[in-house]
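Subject: Structure for you to look at

Dear colleague,

Here is the structure I promised to pass on. Please open it alongside this email; my notes come after it.

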Amino acid sequence: MKQFIIRYALDEGGATAIEYGLIAALVSVVIIGVLATIGTNLTGKFNEIATQLQ
């Protein structure tokens, strides 16, 4: 039983999975922010072009 507790305490697999999850979440937030900015800029450009075509 003592070896099981020691082995469980030294296991870092769960911590690594959580770290990868946090990194993936951060990358997702950055991608969403960039896409939102690009979308806003594109909408402005399309509106500008549409106004000039009228």
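Below is what was found in the structure.

Please keep in mind that the model is predicted.

Overall shape. The C-alpha trace spans about 80 × 10 × 5 Å along the principal axes of the chain. The radius of gyration of the chain is 24 Å, whereas a compact globule of 54 residues would have one near 10 Å.

Secondary structure. The chain contains 2 helices and 0 strands. The helices are α1 (2-10) and α2 (13-53), and Asp11 sits in the loop between them.

Surface. Of the 54 residues in the chain, 0% are buried. The exposed area of the chain is about 5100 Å², with 70% of that supplied by carbon and sulfur atoms.

The loop residue. Asp11 has a relative accessibility of 53%. The cut-off for exposed is over 50%, so Asp11 counts as exposed. Asn47 lies 36 residues from Asp11 along the chain, and 56 Å separates their C-alpha atoms.

Regards

Methods: Residues numbered from 1 in each chain as written. Predicted model: local features only at pLDDT ≥ 70, side-chain atom pairs only at ≥ 80, totals over all residues. Heavy atoms only, no water. Helix = DSSP H or I, 4+ residues; strand = E, 2+ residues; numbered from the N terminus. Rg over C-alpha atoms; globule rule 2.2 N^0.38 Å. Buried < 20%, exposed > 50% of the residue type's maximum accessible area, 1.4 Å probe, protein only. Areas by Shrake-Rupley, 256 points an atom, 1.4 Å probe, with all protein chains shown as cover.
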